[in-house]
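The exercises below ask for a careful reading of helix packing and of a few single residues. Each task is followed by a solution that goes step by step.

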Amino acid sequence: MHAILDFVRSYPAVPAFTVLIGGVAIWHVWDFRLRPLLIPKAEISALADELVAKYGPRAEEMAYAEEDRAWRYSDVYEQGKWRRVRRELWRRYRRGEWE
């Protein structure tokens with residue numbers, strides 16, 4: 001334990017950077033994985049319905065384009081939302097609900 005305290009006293013920037021990197025990781029998990037889960041399933045289904053009605057078999061491709069656009073503009077929340085829409089479209093495709 002004494003060696004750890006000596007290290008922290010000798011290199012105070014290391015714990016600060018560790019906390020900073022941990023904070024960014026926690027923020028990313030919240031914004032990309034957890035926050036999109038709070039979007040109501042009805043909204044995700046409505047977006048999927050809209051894409052299927054508008055683009056037919058290309059609906060998943062269009063959802064991917066929206067996810068890619070969110071990635072390019074560094075909008076992590078939107079990226080997570082469109083990922084959920086794509087998963088809903090995959091689920092529907094596997095069940096044979098659309099071509």
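Helices are DSSP runs of H or I with at least four residues, numbered from the N terminus. The model is predicted.

**Exercise 1.** Determine where Glu88 lies, whether Glu88 is buried or exposed, and which side chains make polar contacts with the side chain of Glu88.

Solution. Begin with the position: Glu88 belongs to helix 5, which covers residues 76-95. Next, take the relative accessible area, which is 5% for Glu88; buried means under 20%, so Glu88 is buried. Then look at the polar partners: the side chain of Glu88 makes one polar contact with the side chain of Lys41, at 2.9 Å, and another with the side chain of Arg91, at 2.5 Å. Finally, setting aside neighbours within four places in sequence, Glu88 is in contact with Lys41, Ile44, Ser45 and Ala48.

**Exercise 2.** Describe the surroundings of Val85, and state how far its C-alpha atom is from that of Glu43.

Solution. Val85 also has its place in helix 5, and with a relative accessible area of 0% it is buried. Not counting residues up to four places away in sequence, Val85 touches Ile44, Leu47, Ala48, Leu51 and Ala63. As for the distance, Val85 and Glu43 are 42 residues apart along the chain, while their C-alpha atoms are separated by 9.3 Å.

**Exercise 3.** Classify the packing of helix 3 with helix 4, and sort the residues of the contact by class.

Solution. Two packed helices are described by the angle between their axes and the distance between the axes. Helix 3 spans residues 41-55 and helix 4 spans residues 59-72; their axes are 8 Å apart, and the packing angle is about 120°. Roughly perpendicular covers 65 to 115 degrees, and roughly antiparallel begins over 145, so helix 3 and helix 4 are oblique to each other. Their crossing is right-handed. Helix 3 contributes Leu51, Val52 and Tyr55 to the contact, and helix 4 contributes Ala59, Met62 and Ala63. Sorted by class, the contact of helix 3 with helix 4 holds six nonpolar, no polar and no charged residues.

**Exercise 4.** Carry out the corresponding analysis for helix 4 and helix 5.

Solution. The axes of helix 4 and helix 5 come within 8 Å and cross at roughly 165°. Angles over 145 degrees count as roughly antiparallel, and helix 4 and helix 5 are therefore roughly antiparallel to each other. The crossing of helix 4 and helix 5 is left-handed. On the side of helix 4 the residues are Ala59, Glu60, Ala63, Tyr64, Glu66, Glu67, Ala70 and Trp71, and they meet Glu78, Gln79, Trp82, Arg83, Val85, Arg86, Leu89 and Trp90 of helix 5. By class, the contact of helix 4 with helix 5 has nine nonpolar, one polar and six charged residues.

**Exercise 5.** What is the sign of phi of Ser74, and is Ser74 buried or exposed?

Solution. Start with the location, which is the loop between helix 4 and helix 5. Most residues other than glycine have a negative phi. Phi of Ser74, however, is positive, near 60°. The relative accessibility of Ser74 is 61%, and because exposed means over 50%, Ser74 counts as exposed.

**Exercise 6.** Establish whether Asp31 is buried or exposed, and which residues it touches.

Solution. Asp31 is found in helix 2, residues 13-34. With a relative accessible area of 9%, Asp31 is buried. Residues up to four places away in sequence not counted, Asp31 touches Pro36, Val76 and Tyr77.

Conventions:
Residues are numbered from 1 along each chain as its sequence is written. This is a predicted model: local features need pLDDT of at least 70, side-chain atom pairs count only at pLDDT 80 or more; totals for chains, interfaces and linings use all residues. Side-chain values use heavy atoms; hydrogens and water are left out. Axes are lines fitted to C-alpha atoms, for helices over the stretch in contact, and angles run from 0 to 180 degrees between N-to-C directions. Helices (H or I, at least four residues) and strands (E, at least two) are DSSP runs, numbered from the N terminus. Angles under 35 degrees count as roughly parallel, over 145 as roughly antiparallel, 65 to 115 as roughly perpendicular and the rest as oblique. A crossing is left-handed if the near helix is turned anticlockwise from the far one by less than a right angle, and right-handed if clockwise. Contact means heavy atoms within 4.5 Å. Ala, Val, Leu, Ile, Met, Phe, Trp, Tyr, Cys and Pro count as nonpolar, Asp, Glu, Lys and Arg as charged, and the others, Gly among them, as polar. Buried means under 20% relative accessible area, exposed over 50%, partly exposed in between (1.4 Å probe, protein chains only). A polar contact is a pair of N or O atoms within 3.5 Å; within protein, one must be able to donate a hydrogen and the other to accept it, and residues adjacent in sequence count only if both atoms are side-chain atoms.
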